[in-house]
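The exercises below concern the overall fold of one chain and the interface inside it. Please attempt each task before reading its solution.

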Amino acid sequence: MKKFLAAAAVSALCSTGALAEVKVGMITTLSGGGAGLGIDVRDGFMLAIAQSGRDDIEVVIEDDQRKPDIAVQLSDKMIQSERVDVMTGIIWSNLAMAVVPAAVNQNVIYLSPNAGPSPLAGKGCHQNYFNVAWQNDNLHEAAGAYANGTGYKNSFILAPNYPAGVDALTGYKRFFEGDLAGEIYTELGQTDYAAEIAQIRASDADSVFFFLPGGMGISFLKQYADSGIDLPVVGPAFSFDQGILQAVGDAALGVVNTSQWNKDIDNPTNAAFVESFQAEYGRLPSLYASQGFDTANLFLSALDKADPSDADAFREALRAAEFESTRGDFSFGPNHHPVQTIYAREVIKEGDVFTNKILGVALENHSDAYAAECKM
């Protein structure tokens with residue numbers, strides 16, 4: 001397992017059996033900014049494949065370098081040369097929008113372990129596309145609901161200018177009942193937030209909501225903490241998840257964030273996942289790792305019922321979602337996006353490790369706002 005993962009990190013191919021009958025193509029971010037997210041999705045996915053004990057699955061893993069043109073090239077290669085049956089792995093919504101529509105229209109099943117852009121949930125939905133994580137708006141909608149319950153009346157909101165950033169602010173505004181002290185779209189990959197922090201300071205905000213995944217969130221939180229501004233911060237899990245918190249450090253303590261998963265969700269599957277992931281990789285799993293693990297187990301559950309060559313039967317098996325999720329109850333809505341509970345979490349410190357604990361439910365059995373637009 002460890003040898004495989006070392007090879008995969010440099011974009012290699014691994015077969016769990018010499019005569020594989022089913023081939024999975026994973027395109028994900030393994031280098032550059034945001035690599036930690038792709039590594040966690042990959043590690044969670046491969047842990048589930050290893051635990052299944054199956055020898056008829058081949059996984060082809062490639063690094064998209066967070067570049068849409070590279071992702072498209074890799075997708076074409078996987079579909080046309082590798083002849084994959086199923087694709088997965090993409091982290092970023094702009095890459096998903098570049099790859100997924102063409103892939104599913106070539107009769108390839110795509111299982112998203114992360115990116116959930118709104119067009120693919122609504123009018124652009126497709127029978128071959130299943131999202132196993134969330135629709136992009138969901139965790140932000142939960143943050144808006146939490147902000148209402150806390151009594152915030154005037155939020156300053158910001159996110160990067162790409163599909164998931166637009167969905168993030170749309171989601172927060174859909175549920176937040178107060179006013180906006182300011183709304184900013186930053187550059188994707190931005191690391192200097194002095195101008196944005198100055199605007200927050202000059203506003204009459206009583207709270208700050210931001211969606212800045214990966215290194216963007218690390219940079220913002222450190223600069224925000226150093227600024228001395230004393231406004232409470234609310235955000236989705238993406239800037240407060242396990243792989244990021246150690247880099248953020250004390251600046252994240254006490255911040256409330258929203259997530260459909262946490263390591264303390266009390267069910268046997270999640271407890272076993274957290275323990276086995278930590279034993280295998282020497283670190284606590286992240287939200288992304290849990291999504292990779294659930295994606296693989298959904299795939300495996302469908303494979304127990306049908307072969308991908310029988311597309312109708314395999315899609316039906318995927319729709320049934322008869323697998324044990326780390327989240328507990330899991331089902332798909334009519335647009336193949338999850339219906340699930342989203343929690344409010346607080347950043348805490350356990351010994352020397354920064355992590356999250358669940359405070360309570362932000363939205364229960366929540367589906368997305370775009371399902372009615374899906375005409376599957």
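**Exercise 1.** State how many helices and strands the chain has, and how its radius of gyration stands to the globule rule.

*Solution.* The chain has 13 helices and 14 strands, taken as DSSP runs (H or I, at least four residues; E, at least two) numbered from the N terminus. Its radius of gyration, over C-alpha atoms, is 20 Å, close to the 21 Å of the globule rule for 376 residues, so the chain is as compact as a globular protein of that length. The rule is 2.2 Å times the number of residues to the power 0.38. The model is predicted: local features need pLDDT of at least 70 and side-chain atom pairs 80 or more, while totals for chains, interfaces and linings use all residues. Residues are numbered from 1 along each chain as its sequence is written, and side-chain values use heavy atoms, without hydrogens and water.

**Exercise 2.** Give the bounds of the domains and the distance between their centres.

*Solution.* An automatic or database assignment gives domain 1 as 2-134 + 265-332 and domain 2 as 138-259 + 342-373. Their C-alpha centres lie 26 Å apart. In the contact (heavy atoms within 4.5 Å), domain 1 takes part with 18 residues and domain 2 with 24 residues.

**Exercise 3.** Describe the area buried between domain 1 and domain 2.

*Solution.* Buried area is the accessible area (1.4 Å probe) that two parts lose on being put together, summed over both. Here the value is about 1700 Å², with 68% from carbon and sulfur atoms. Within domain 1, S118, W134 and L287 lose the most area to domain 2, together 26% of what that side buries. The elements giving two or more residues to this side are α4 (93-104), α5 (118-121) and α12 (287-303).
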